[in-house]
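Visitor: I would like a close look at a single helix and the loop that follows, set against the background of the whole fold. Please take me through that part carefully.

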Amino acid sequence: MNPSNFPPIVIDTREQLPYVFAGFRTERAKLDAGDYSLAGLQSRVSVERKSVGDAYGCVGGGRKRFVRHLQLLAQLASPAIVIEASLDVFAQGHPRTRITGAQAVVSFISWSEEYRIPVFWCPNREYAERVTLKWLAAYLRHLKADKK
């Protein structure tokens, strides 16, 4: 993956702790769905980033708002969700909620099926950033292959 041949990665203006994507061009813009996309392809591909606490909030008190966001993401050709914790760690629960780990995991699996949005549980933030970049790059590869 050559960063010079890669379009700028668009980072949503509301993203408070954005990934760095070292070596890749980035720009800030409001995204209708997700936190990361590609310049010129914002209506086609996007990745939603979730910290563990944020992901648990989406299952609990922020559920209705997150479901509305999932409905927006599902309209894209290639949406994804990255969670900054491995599945086994995520399933252990979160201290600031009464939601059990099992409830949280089942919610994300159910949403993945209902909205056809893959969920990637990543062992840490750095790995989640790499998965985000790889997802965007894969979309570009498949887009170019489809045009041939």
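Guide: Among the contacts in the protein whose separation is 6 or more, 65% join residues that stand 24 or more positions apart. This is a predicted model, and in it the protein comes to five helices and six strands, which follow one another along the sequence as β-β-β-β-α-α-β-α-α-β-α. The radius of gyration is 15 Å, close to the 15 Å that the globule rule gives for 148 residues, so the protein is as compact as a globular protein of that length. Taken along the principal axes, the box filled by the C-alpha atoms is roughly 50 × 30 × 25 Å, and 46% of the 148 residues count as buried.

Within that frame, the part to look at closely is helix α2, which spans residues 63-73 and has F66, H69, L70 and L73 as its buried residues. These buried residues cover an arc of only 105° around the axis, and therefore they lie on the same side of α2. The cover over them includes one strand from earlier in the sequence, β4 (45-50), together with α1 (52-59), β5 and α4 (101-115).

Moving on from the helix, one reaches A74, which sits in the loop between α2 and β5. A74 has a relative accessible area of 32%, and because buried means under 20% and exposed means over 50%, A74 counts as partly exposed. Leaving out residues up to four places away in sequence, A74 touches Y115 and I117. By contrast with those contacts, the C-alpha atoms of A74 and F6, which are 68 residues apart along the chain, are separated by 24 Å.

On the other side of β5 (78-83) comes another loop, the one leading to α3 (87-90), and S86 has its place there. With a relative accessible area of 17%, S86 is buried, because it falls under the 20% limit. Once neighbours within four places in sequence are set aside, S86 is in contact with W121, C122 and P123.

As for the surface as a whole, the protein exposes about 8,200 Å², of which carbon and sulfur atoms supply 52%. Its charged side chains number 21 positive and 14 negative, and the centres of the two sets lie 2 Å apart.

Conventions
Residues are numbered from 1 along each chain as its sequence is written. This is a predicted model: local features need pLDDT of at least 70, side-chain atom pairs count only at pLDDT 80 or more; totals for chains, interfaces and linings use all residues. Side-chain values use heavy atoms; hydrogens and water are left out. Helices (H or I, at least four residues) and strands (E, at least two) are DSSP runs, numbered from the N terminus. The radius of gyration is taken over C-alpha atoms; the globule rule is 2.2 Å times the number of residues to the power 0.38. Buried means under 20% relative accessible area, exposed over 50%, partly exposed in between (1.4 Å probe, protein chains only). Contact means heavy atoms within 4.5 Å. Accessible areas come from the Shrake-Rupley method with a 1.4 Å probe; for residues, only the protein chains shown count as cover. Lys and Arg count as positive and Asp and Glu as negative; His and the chain ends are not counted. The place of a charge is taken as NZ of Lys, CZ of Arg, CG of Asp or CD of Glu. The arc is that of the directions from the helix axis to the C-beta atoms.
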